[in-house]
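Work through the exercises below with the sequence and the model side by side. Try each task before you read its solution.

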Amino acid sequence: MHCMRDLILFPRKTRFWWRPSMTTSFLNGERAVVLFFICRILYSLPFSLLFHGLALSLLSLSSFFLEISFDSSNSPSLFRTRPGASSGILLGAVTLPSLLLSKLVQLSRGFSLAQLQLEEIQYLTLQYWATSASACSVIFLLAFARRRAPLSPFHWGVRFSLCSIFFQALVSVAALSTTSQIGLHPALKLMWAFCHGLASVKLIQLFLRTFPSCASIGETFLVTSGIVLYFGDMLLLTIKKLHELLMSSELVTAEYEISRSEISIIIQGLVLGLLLYPIALKYILQIWEWSINTTSAEARRYYEIGKSLMFVASLGIVLIMIVPSWMQFVHEFQMHPFFWVLSFVLSEPSKRLTLCIYWVCIICVSVFRFYNISKNSKIERILLRKYYHLMAVSMFLPALIFQPKFLDLAFGAALAIFLMLEIIRVWRIWPLGQPINQFMNAFTDHRDSDLLIVSHFSLLLGCALPIWMSTGYNDRPLAPFAGILSLGIGDTMASMVGHKYGVLRWSKTGKKTVEGTAAGITSVLAACSLLLPLFASTGYILTQEPCGQAFLLDSCI
């Protein structure tokens, strides 16, 4: 009451009111880890990436103070986010730029050893500035939305965030205007970054409206930035191929010769095609519904059957005709891409088919076993789901060691299957929609909603992204294993130990415990200490190889 009275009577006095005890609430466990990670990246930067590091620092400061402003406010949020979740703005804003900057540091080391071309660094630099523009634009959106909320004692954080983003925008414009990326004119580079920012703002607004209360702001931030970056890469690749055909535009020069494997093209085409497909499906089903009178039960059943047929037909057209046509346009496949996949699997049938059978057996046994436990047991679902993390370790670790390329393709196929199942579940496509929804709800917890279930996507992408990002030059032997180790071992041990033995909590409102965090870190370090000698003894860790892969023997074969 006294604070409220002071805020009303003396607003200028209380607006910047500060107590030393606020430091602990400002710098909680998650923020401390993120800031430590950012400082570690900045410490390792070469002088050539000075502008990049300055931009990341300003982005971190702006998102840090904006997150404090959101989390410290008692006023209702302008966005309907997942109940009980923190905003997560800092982590959502800096994850992609920091990952790309880390990859730039790694490629800089490879370039100094003459193991890769300059064009690869230039293209990744363009992606970094495009991602920074996306983060900058979304921070602007959130800051202005926060200013519309009632005044709070931490409103100064919004002003500081806007100032930091303004300076970051100046640094980005200066860097894009003075450096060379894949032969683009400076005006086109600025336009490319601006389009990424605008697309991110529109997409995050659309996501928060379409899927309310399904994710935190930071989670939505990260997903939309990743989708925009992935679509931008597809668009630039398509423009490059059009330029090669027309030879009448100076938009992209011949310097853009980033090599793409068949597997990466297939995964990109499948994922982006399935992400765009619901837009077309929405209008197809609307037209079908307008043409059918669904007042009677018989007419309703006829409508559901027709809806299923239209779904199957339209999905078949997308996956068999449209998506493969784009794949063959941007890459020289000697056959239909799906026939290429079949020939790739059958090129080593004893290994790859055996691995498929092994995966199917583990999935069937684990899913049906844990499904029965989830219906009859009182074990918390958050702990039950950690068994799936252990299952992911048993599935992916042998494949990553012995068949890394096939695992890349399998991750893409699994992601496509998950997307199709989620489309069927959300649209309730007869006859599988309702059974899939009931089955998936058996494994959900408070972090999922009936509208959108994303836990399985998080586990799959968490294991797959480190592997996909480690393709090409990589001088860190455990980098591809980062997702499997952190999610499959670290996160599982942290949850189990924290749930059973956790006493000291990182914050008053959160559930994370110091004991769980210590168990997660210790388990990952123990797994790394076991893997490195094992790989060294079996010949999987090598010294520098001409192919640019520094550790996996299979990658050079």
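Accessible areas here come from the Shrake-Rupley method with a 1.4 Å probe. With that in hand, note that the model is predicted, and that the accessible surface of the protein chain comes to about 28,900 Å², of which 70% belongs to carbon and sulfur atoms.

**Exercise 1. The chain as a whole**

Describe the protein chain by its helices and strands, by its share of buried residues and by the separation of its contacts.

Solution. Begin with the secondary structure: the protein chain has 21 helices and zero strands. Next, turn to burial, where 46% of the 557 residues count as buried. Finally, take the contacts with a separation of 6 or more, and you will find that 73% of them are between residues 24 or more positions apart.

**Exercise 2. A bent helix and a residue within it**

Find out where α12 bends, and decide whether Ser 314 is buried or exposed.

Solution. First compare the length of α12 with its expectation: the helix has 34 residues and reaches 48 Å from its first C-alpha to its last, which is close to the 50 Å expected at 1.5 Å a residue. Then look for a change of direction, which is a bend of about 35° at Val 318. Now place Ser 314, which belongs to this helix, residues 297-330. Because its relative accessible area is 10% and buried means under 20%, Ser 314 counts as buried. Once its neighbours within four places in sequence are set aside, Ser 314 is in contact with Tyr 277, Leu 281 and Ile 284.

**Exercise 3. Classifying aromatic pairs**

Name the kind of pair formed by Phe 333 and Trp 340, and then do likewise for Phe 418 and Phe 457.

Solution. The structure holds 13 aromatic pairs. In the pair of Phe 333 and Trp 340, the ring centres are 6.3 Å apart and the planes stand at 85°, so the pair is edge-to-face; the cut-off used in this step is that planes over 60 degrees apart count as edge-to-face. Phe 333 is buried, with 10% relative accessibility, and Trp 340 is buried as well, at 16%. For Phe 418 and Phe 457, the centres are 5.9 Å apart and the planes are at 80°, so this pair is also edge-to-face. Since Phe 418 lies in helix α17 (residues 404-427) and Phe 457 in helix α19 (residues 455-469), the pair ties together parts that are 39 residues apart in sequence. Phe 418 is partly exposed, at 24% relative accessible area, whereas Phe 457 is buried, at 13%.

**Exercise 4. Charges over rings**

Which ring does the charged end of Lys 282 sit over, and how far is Arg 352 from the ring centre of Phe 344?

Solution. Start with Lys 282, whose charged end sits over the ring of Tyr 283, 5.9 Å from its centre. Then go to Arg 352, which lies over the face of Phe 344 at 4.0 Å from the ring centre.

**Exercise 5. The surroundings of Leu 56**

Determine which residues Leu 56 is in contact with, leaving aside its neighbours within four places in sequence.

Solution. Locate Leu 56 in helix α5, residues 50-71, and note that it counts as buried because its relative accessibility is 0%. Its contacts beyond those neighbours are Ile 38, Ile 41, Leu 42, Pro 97, Ser 98, Leu 101 and Tyr 128. As a last step, consider Gln 168, which is 112 residues away along the chain, while the C-alpha atoms of Leu 56 and Gln 168 are separated by 8.1 Å.

**Exercise 6. Backbone details in the loops**

Find what kind of peptide bond joins Trp 430 and Pro 431, and compare the exposure of Ala 114 and Arg 428.

Solution. The bond between Trp 430 and Pro 431 is a cis peptide bond, with omega about 5°, and Pro 431 is placed in the loop between α17 and α18. Arg 428, found in that loop between α17 and α18, follows α17 and has a positive phi near 55°; it is partly exposed, at 27% relative accessible area. Ala 114, in the loop between α6 and α7, has a positive phi of about 60° although it is not a glycine. Because its relative accessibility is 69%, Ala 114 counts as exposed.

Terms used: Residues are numbered from 1 along each chain as its sequence is written. This is a predicted model: local features need pLDDT of at least 70, side-chain atom pairs count only at pLDDT 80 or more; totals for chains, interfaces and linings use all residues. Side-chain values use heavy atoms; hydrogens and water are left out. Helices (H or I, at least four residues) and strands (E, at least two) are DSSP runs, numbered from the N terminus. Buried means under 20% relative accessible area, exposed over 50%, partly exposed in between (1.4 Å probe, protein chains only). Contact means heavy atoms within 4.5 Å. The expected span of a helix is 1.5 Å times one less than its number of residues. The bend at a residue is the angle between axes fitted to the seven residues ending there and the seven starting there. Rings of Phe, Tyr and Trp (its six-membered ring) pair if their centres lie within 6.5 Å; planes under 30 degrees apart count as stacked, over 60 as edge-to-face and the rest as tilted. A charge sits over a ring if NZ of Lys or CZ of Arg is within 6 Å of the ring centre and within 35 degrees of the ring normal.
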